Amino acid sequence: MAEPGRDVQVGADGRLQHFLTTEGLGQDRIVEILDLAESFAGVHDKSIKKVPLLRGHTVVNLFFETSTRTRTTFELAAKRLSADVLNLNVSTSATAKGESLLDTLANLQAMQCDLFVMRHAESGAAHFVARHVAPGTHVINAGDGQHAHPTQALLDVLTIRRHKGDFENLSIAIVGDLLHSRVARSEIHALRALGTREIRVVGPRTLLPSEIEALGVSVFHDIEEGIAGADAVIMLRLQRERMEHALLPSETEYFSKWGLTPERLARAKPDAIVMHPGPINRGVEIDSRVADGPHSVILDQVTSGIAIRMAVMALVAGTAPREPRA
Amino acid sequence: MSALRIRGGRVVDPASGIDRIADVWIADGRIAAIGDPPRAFPDYTPIDATGRIVCPGLVDLCARLREPGATHKGTIASETRAAAAGGISTLCCPPDTTPVIDTAATVELIRQRAAAAGGVRVHPLGALTTGLAGEFLAPMDALRAAGCIGMSQGDRPIPDTHVLRAALAYAATLDLPVVLAPRDPWLSTGCAHEGAVATRLGLPGIAVAAETTELARILALAGDTGARVHVGRLSTAAGVDLLARARASGVHVSADVAAHQLHLTAEAAAGFDSTAHVQPPLRDPADRDALRAAVAEGLIDTICSDHQPHDPDAKLAPFGASAPGISALETLLPLVTALARESVCDLATALARVTVGPARALGLAAGTLAPGAEADVCIFDAEAGWTVDPERWRSRGRNTPFAGRQLEGRVEMLLIGGRDATH
């Protein structure tokens, strides 16, 4: 099985039942989601920011790992689709009492919840749950371990498409802790599916996973070489635990060697955009002058996030309009 | 006890170099002769083995029975029945039970339960260090007196190299073999082979170096102390290379590989299939091929099941949160004979790795059909195909990545000491 996600997330009728990974999703389906998201983008600008596509549906934000940004944008997206929303921070409730993942899920299904947005610290957790939910119940992966964070990846490619258009001429650099990054893995699959000319990964050997070239990327250890001529630079967040696990000496050394400064950014294309999935560590992976500077599209990403999540929810629930109002 | 004649089968006894159609004559629970009947052979019961393979009962050096301590996963009774169904007449269980096998009382408990289960011969391995904690030497002589045929750490490390060296030197003094799994604890915190599949799935990796660094330490100390070391469950081509070099330089070391490592690779985990979660992890095709070559040439003298039965809940979790291990007693024989079918080696060589190989590695009086030996005999149909359906297994553990697979080789009868232990 070369594409583990496909068989689980796509139903026998070819429709998207769950949204678990960008791997194996294919260009057409990604473009469909991006177009649908663009059609929803207009909703934000209306005085009544709602469409009735998920009226009567109950969306559960099931977060086994804490999150503010992702959970909030999923909640907003669900509310703009007129769904009822339940937020569960499970890390502090049931599992602390020894309840298993499947028991938690079974209880929520018994309450007639029909769409689960799930984040969990184990890679493969969303696939596991998708295999065990009742038919007609949908799972959206909001981040599983170091495996996938597909809605974040699609909002990133939507941001790139808005600024750059066609992917076939683009060179995109992803810089930082790829070893632990589910965002980077999902971005790589999505960017490849869209025909991106060149995807580069940049970082020290301790933060690049083994045989990452097999995902179709080229590897750089020097940031100046890695971002030279790039159309977009995606910076990844550096977690403090990396120092505790002896993968790096210090945040200071990391910044001096791999931090994105205006001087380094000058190596990229003059109109290059700078992205970051957030939350950013100023002075660790990115200089404030870059984060707040003219190349930065970091806040655009957050706005795109709501539209992408509305599109994905409507698609898996089967309530998306057939022809996006692009 | 009645006498038996196993008639017309292809007798494969690698220990005595026999591979031909012949009769096997059994009296008083022992092999009396192969070929012509001994003089004055008593009245016998015939067993027709025409078209079947007749070989020594299999010897498995690594099978967790889960008793004492985890009887919801398996019991000595359930797992020895599974072993018998798989053609295994002798097995060794590692000391990592609860409590650990570091007192004569625990050895006695296991031996009594095994005797009550009746059938498969169970040899407990004693703990090399107290509580397997890697700090103080276990009472090895007392454990031997209670019935342990060797010492082991299970899968737990001895981080302190001085303790490991002393443990090996002390075991060497008592001429006790020591089974060690080469696994660096700090490099083994992941759950999948470090490589393209783990990278794609975002699973924490276990590097090849997790095996080679610890193996190099074990081999150096084996040479240094003169201990009889058996290296358990190799998984890498680089580990095979290290073993070959140590052997060439005269280190007294034997080695085994788990049968699943000869057939599966990291790709088995690709769909987050928790039945493929195993330690050491399933590795690259090049590793599998090197392990196969080492089995064929005898550098690896033993294939074990590495049987680890689990309750369903232990595997009903995301990959990394599931318990590692495969329930493997009932697939050992077909996975071994598959090596002959896939032209890795001939059938006699494949069977040597589950009979005379393991018996010699730990000095067990088993694994041969030589006259005078205990009549532990496996009769199987090498051509019979069957679909792996763990729901029908004797083992309590249904956790196998081979479920639904078509395998060839079905045990028809297992004699242990001349008695039918099949049912």
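User: Which elements do the buried residues of α3(A) pack against?
Analyst: They pack against β1 (58-63), β2 (84-89), β3 (115-120), β4 and α13 of chain A. Two residues are in contact if their C-beta atoms, placed from the backbone, lie within 7 Å. Helices (H or I, at least four residues) and strands (E, at least two) are DSSP runs, numbered from the N terminus.
User: Cool. Is this a predicted model, or what should I know about it?
Analyst: It is a predicted model, where local features need pLDDT of at least 70, side-chain atom pairs count only at pLDDT 80 or more, and totals for chains, interfaces and linings use all residues. Residues are numbered from 1 along each chain as its sequence is written, while chains are lettered from A and ligands numbered from 1 in the order in which they are written.
User: Back to α3(A): which residues are buried?
Analyst: T70(A), R71(A), T73(A), F74(A), A77(A), A78(A) and R80(A) are. Buried means that 20 or more other C-beta atoms lie within 10 Å of the residue's own, again placed from the backbone.
User: And what comes after α3(A)?
Analyst: S82(A) follows, and its phi is positive, near 70 degrees.
User: New topic: how do the axes of α2(A) and α13(A) cross?
Analyst: The two axes come within 8 Å and cross at roughly 115 degrees. Axes here are lines fitted to C-alpha atoms, for helices over the stretch in contact, with angles from 0 to 180 degrees between N-to-C directions.
User: Which residues meet there?
Analyst: From α2(A) you have I33(A), L36(A), A37(A), F40(A) and A41(A), and they meet A307(A), I308(A), M310(A), A311(A), V312(A) and L315(A) of α13(A). By class, that contact has 11 nonpolar residues, no polar and no charged. Ala, Val, Leu, Ile, Met, Phe, Trp, Tyr, Cys and Pro count as nonpolar, Asp, Glu, Lys and Arg as charged, and the others, Gly among them, as polar.
User: How is chain A divided into domains?
Analyst: Domain 1 covers 4-148 + 304-317 and domain 2 covers 150-302, with bounds from an automatic or database domain assignment. Their contact takes 26 residues from domain 1 of chain A and 24 residues from domain 2 of chain A. On the domain 1 side, α2 (27-41), β4 (138-144) and α13 (298-317) of chain A each supply at least two residues.
User: Last one: how many residues does the contact between chains B and A take?
Analyst: It takes 18 residues from chain B and 23 residues from chain A. On the chain B side, the largest share, 4 residues, comes from helix α5 (residues 196-201) of chain B.

Conventions
Buried ≥ 20, exposed ≤ 12 C-beta atoms within 10 Å, placed from the backbone.
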